[in-house]
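Please work through the exercises below with the sequence and the coordinates at hand. Each task is followed by a solution in steps.

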Amino acid sequence: VLLARVPYLDIYGMEKEGRARLVVHRSTLRSGNAAPAFCHVHYELGVDGAKRWAEQGWAVFSAVYNEDAPIDVSPGDGNNLARAIIQWARRLPFIDGVRLHLDGGSQGGYMALAMSADMFPVTSATADAPVVNWAYNFGYFEANRPLVEAFENPFESPLPVLAAVMQLAD
């Protein structure tokens, strides 16, 4: 398990620094063969989840978020950080630069699909519950906002999941 600082440019062209994690099995590194890269985009993939893929021979990359490097929305700086992590992965000498799998869920699923179109070569992608129609989602959020805001604790509303993602609309 390796933690790294990853420089990138934000949507205004200003320098930022994100955090990333690489999880790779020792036997993969010792084999002398180039490892395929598994890049989990946007949301952080925990070490345990990454280890399951690393045990299958993948070098697993994910953003890491903390107070110094908080998560950004996927269409903005989150996208730029994910791209910087993928570019870092491809530059590592033990990575097979043409075997790249992109993975993500929700906003990360959206990013995995979008990046598959322009981060060539991409071998495969998985997009779990991707947000594919932002206009519909924002309309749904706004139409149902009163059902969430009527509760002192929004997570006790009839739509607790909406309470969790309402910040996207905001």
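The exercises treat the sheet, the helices, the cores, the aromatic pairs and two single residues.

The model is predicted: local features need pLDDT of at least 70 and side-chain atom pairs count only at pLDDT 80 or more, while totals for chains, interfaces and linings use all residues. Residues are numbered from 1 along each chain as its sequence is written, and side-chain values use heavy atoms, with hydrogens and water left out.

**Exercise 1. Determine the strand order of the sheet and identify its edge strands.**

Solution.
Step 1. Helices (H or I, at least four residues) and strands (E, at least two) are taken as DSSP runs, numbered from the N terminus. Two strands pair if DSSP finds at least two bridges between them.
Step 2. The six strands form an open sheet in the order 1-2-4-3-5-6, with mixed pairing.
Step 3. Strand 1 and strand 6 are the edge strands, as each pairs on one side only.
Step 4. Direction ignored, neighbouring strands of this sheet are turned by 25 degrees against each other on average. Axes are lines fitted to C-alpha atoms, for helices over the stretch in contact, and angles run from 0 to 180 degrees between N-to-C directions.

**Exercise 2. Describe the pairing of strand 2 with strand 1 and with strand 4.**

Solution.
Step 1. Strand 1 and strand 2 run antiparallel and are joined by eight bridges. Tyr8 has Lys16 of strand 2 as its bridge partner, and Leu9 has Glu15.
Step 2. The hairpin of these two strands has five residues between them, and Gly13 takes a positive phi near 85 degrees there.
Step 3. The pairing of strand 2 with strand 4 is also antiparallel, over five bridges. Leu22 stands opposite Phe61 of strand 4.

**Exercise 3. Establish which residues of helix 2 are buried, and where they pack.**

Solution.
Step 1. Buried means under 20% relative accessible area, exposed over 50%, and partly exposed in between (1.4 Å probe, protein chains only).
Step 2. Helix 2 covers residues 47-54, and its buried residues are Gly49, Ala50 and Ala54. Seen down the helix axis, these residues fall within an arc of 140 degrees, so they line one face of helix 2; the arc is that of the directions from the helix axis to the C-beta atoms.
Step 3. The face turned away from the buried side carries the exposed residues Asp48 and Arg52.
Step 4. The buried residues pack against strand 2, helix 1 (26-30) and strand 4, where contact means heavy atoms within 4.5 Å.
Step 5. Helix 2 as a whole packs on the sheet, touching strand 2, strand 3 and strand 4, and its direction makes about 55 degrees with that of strand 2.

**Exercise 4. Identify the elements that supply the largest nonpolar core.**

Solution.
Step 1. A nonpolar core is a set of buried Ala, Val, Leu, Ile, Met, Phe, Trp, Tyr and Cys residues joined through side-chain atoms within 4.5 Å.
Step 2. The largest core has 28 residues, and those with the most contacts inside it are Cys39, Phe61, Ile85, Ile86, Trp88 and Met115.
Step 3. At least two residues of this core come from each of strand 1, strand 2, strand 3, strand 4, helix 3, strand 5 and helix 4. Helix 3 provides the largest share, seven residues.
Step 4. A second, separate core of seven residues includes Phe38, Leu45, Ala50 and Val60.

**Exercise 5. Classify the ring pair of Phe61 and Trp88.**

Solution.
Step 1. Rings of Phe, Tyr and Trp (its six-membered ring) pair if their centres lie within 6.5 Å; planes under 30 degrees apart count as stacked, over 60 as edge-to-face and the rest as tilted. The count by this rule comes to six aromatic pairs.
Step 2. The ring centres of Phe61 and Trp88 are 5.3 Å apart and the planes stand at 85 degrees, so the pair is edge-to-face.
Step 3. This pair links distant parts of the chain, with Phe61 in strand 4 and Trp88 in helix 3, 27 residues apart.
Step 4. Phe61 is buried at a relative accessible area of 1%, and Trp88 is buried at 15%.

**Exercise 6. Decide whether Ala112 and Phe120 are buried or exposed.**

Solution.
Step 1. Ala112 is found in helix 4 (residues 107-116), and Ala112 is buried, with a relative accessible area of 0%. Beyond four places in sequence, Ala112 touches Val41, Leu102, Asp103, Gly104, Ala125 and Thr126.
Step 2. Phe120 lies in the loop between helix 4 and strand 6, and Phe120 is exposed, with a relative accessible area of 62%.
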